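Open the model in a viewer and keep the sequence panel in sight. This tour goes from one selection to the next and says what is found at each stop.

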Amino acid sequence: MSWFFIITLFLFFLLRLPSLFEPHWYGDEGIYQAIGMALNNGSLLYKDIWDNKPPLLYLVYALFHSDQFTVRLVSLIFGLLSVPVFFFLSKKLFSNLSGSRKIYYLTTSVFALLFALPILEGNIANAENFMLFPILIAALLVVKVITLSSTPQNPTHKKHPVLYLIHNTYYLILFSAGILLGLAFLFKIVAVFDFLAFLIFLFIVNHHRKLDLSLFVRNTASLIFGFLLPIFIVVLYFAINGAFVDFLRATFSSNIGYVGWKNRFIIPQGLLLLKATLLVIAIIFIFKKRVKLDKKAIFILLWFVFSLFNAFFAERPYTHYLLTLLPSYVLMIGLIFWDKKYQKMITIFLFLAFVLILKNFNFYGKTTTYYQNFTSFILGQKSVSSYRAFFDKRTPIDYEIAMFVKSKIKKNDSIFVWGNNAQLYKMVERIPPGKYIVAYHMTSYKDGLTSTKKAIDTVKPRFIIIMPDQKPIPFALTHYSERLYINRASIYESFF
């Protein structure tokens, strides 16, 4: 086992290593970096600086000063820690069977490989990269409770100290799992689907033959309380600081339109309702088969159908969404070898899911050349500009702009970018002048343009950078003159 860990983790590290040296090119990371800098400058999240995710991802960026190398190194460490947790989860699920060792070695290898490669955007420090680790630990804890010899129903039964100890251990484990899922939720709200999968799993295993609602409530209260506790602390923080409404708007209400995009089918959100109906049907099917199915198989099946729903929830083909599906999908592959009774059914189910994924998602298509690009660069066979252009042809333009602005800007000067490449703020080490960071945020929200104009009038940025392929800037440039034109990007300088 030790050699397996050494080899697997070493390969994971090698496959992720190039990610530490990527240029600033990924737009979402640019937003996180800009928010991290603003938070360190005293801004209040959602009220003074805005994006539509829960706060923990931005806090990670703020904690490490929005330094891309450091944040990606932390993401790599989270990935390295996730691999052994997945191994022990797989081992717990696929034990007690001849040849089970091969199954959990196989599943861990597949998980580590797909998580390490850029094919699912594991190289980018998105929320999914950080939330997988606490979700996997929570999954391991939930699986652990079903291996306890019994679920005691009388916590004050002093005459049976062993049962009393097991009882308290059971609830402490579930409480801990709940906290971890709550923390994952504070990275991205879709972790609620993992929470619901584990909650319904506990409902089913506590009603293996006979329904007992009171037993379910007693056995899940600690999981629910643990899940809500970190969320309550965060809500309380924003309420105390007068940003409760901003917090709700950013993390919940603003995501309604986001989810609604392309989810229309006959009626608004009709496609989402259809997907939810299929999810309910799958849950009912698993529930009806609960007596015939092994508890561990029930866990994997439930987690998979909820993770599949999660991946297709917003009907947006962002590759990194598949990272939250990865653990349960790989465990389903293990289930094919572990439970031969349902081998054919699970194989067909996985194949159909894979076809849906191929149809709706674009895998990162430059995985092989990704490593060739890095190798050529470190061997001196590729120029810096060519290396950067591999990731995005506009990346060298960003660096030219940043170089010019940094050579002219003074200590108290600021910049404003009319475009969607927020990474420029980090490259110049300046925070955005207003609440909204990128053009698509400014134009998507009712107060976007008005609040941005007010911020520009107040801050009076030294440079206004207008990126190509954008709508004309909706603000007057009365006190600005064009200083430089780089590949269709215009840099205006104030003459106040």
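## First stop: a pocket

The second largest pocket has a volume of about 690 Å³. Of the 22 residues lining this pocket, select the ones closest to its centre: Leu278, Leu279, Leu308, Phe349 and Leu356. Before going further, note that the model is a predicted one.

Now colour the helices around the pocket. At least two lining residues come from each of α11 (270-288), α12 and α14. Colour the lining by residue class as well: 18 of its residues are nonpolar, one is polar and three are charged.

## Second stop: a cavity

Stay with α12 and α14 and look for enclosed space. How many cavities of 30 Å³ or more does the structure hold? There is one, and the volume of the largest cavity is about 30 Å³.

Select Leu293, Ala297, Leu301, Leu335, Asp339, Tyr342, Met345 and Ile346, which line the largest cavity. Both α12 (295-312) and α14 (343-360) give at least two residues to this lining. By class, the lining of the largest cavity has seven nonpolar residues, no polar ones and one charged.

## Third stop: the whole chain

Zoom out and show the chain as a cartoon. Its secondary structure comes to 20 helices and four strands. The protein chain has 496 residues, and 54% of them are buried. For contacts between residues at least 6 apart in sequence, 71% join residues at least 24 apart.

## Fourth stop: Ser19

Go to Ser19, in the loop between α1 (2-16) and α2 (27-40). Is Ser19 buried or exposed? Its relative accessibility is 2%, so Ser19 counts as buried.

Show the side chain of Ser19: it reaches the backbone oxygen of Arg16 at 2.5 Å. Next, select Arg72, Asn123 and Tyr370, which Ser19 touches when residues up to four places away in sequence are not counted. Add Ala125 to the view and draw a C-alpha to C-alpha distance from Ser19: the two are 9.3 Å apart in space, with their positions 106 residues apart in sequence.

## Fifth stop: strands β2, β3 and β4

Move to the strands late in the chain. Strand β3 (residues 480-486) pairs with strand β4 (residues 489-494) in the antiparallel sense, over six bridges. One of the bridge partnerships to display is that of Tyr485 with Ser490 in β4. Another residue to display is Ser481, which stands opposite Glu493 in β4.

β4 also pairs with β2 in the antiparallel sense, here over four bridges. The bridge partner of Phe463 in β4 is Glu493.

Next, show the side chains of β4. In a regular strand, side chains alternate between the two faces of the sheet. From β4, Ala489, Ile491 and Glu493 point one way, while Ser490, Tyr492 and Ser494 point the other way. How many of the six residues of β4 are buried? Six of the six are, and the strand is mostly covered.

## Sixth stop: Arg462

Select Arg462, in the loop between α20 (448-459) and β2 (463-466). Arg462 has a relative accessibility of 18%, and therefore counts as buried; the cut-off for buried is under 20%.

Which side chain does the side chain of Arg462 meet in a polar contact? The partner is Glu493, at 2.6 Å. Leaving aside neighbours within four places in sequence, Arg462 is in contact with several residues, among them Lys408, Asp413, Tyr480, Tyr492 and Ser494.

## Last stop: two positive phi angles

Most residues other than glycine have a negative phi. Two residues to inspect with this in mind are Asn487 and Asp469.

Asn487 lies in the loop between β3 and β4. These two strands form a hairpin with two residues between them, and Asn487 in the turn has a positive phi of about 45°. Asn487 counts as partly exposed because its relative accessibility is 48%.

Asp469 is found in the loop between β2 and β3. Asp469 is not a glycine, yet its phi is positive, at about 60°. With a relative accessibility of 60%, Asp469 counts as exposed.

Methods. Residues numbered from 1 in each chain as written. Predicted model: local features only at pLDDT ≥ 70, side-chain atom pairs only at ≥ 80, totals over all residues. Heavy atoms only, no water. Buried < 20%, exposed > 50% of the residue type's maximum accessible area, 1.4 Å probe, protein only. Contact = heavy atoms within 4.5 Å. Polar contact = N/O pair within 3.5 Å; in protein donor to acceptor, adjacent residues only side chain to side chain. 1 Å grid on protein atoms, 1.4 Å probe; cavity = no way out; pocket = protein on both sides within 12 Å on 5 of 7 lines; lining within 4 Å. Points joined across faces, edges and corners; volume = space filled by probe spheres on them. Nonpolar A, V, L, I, M, F, W, Y, C, P; charged D, E, K, R; others polar. Pairing = 2+ DSSP bridges.
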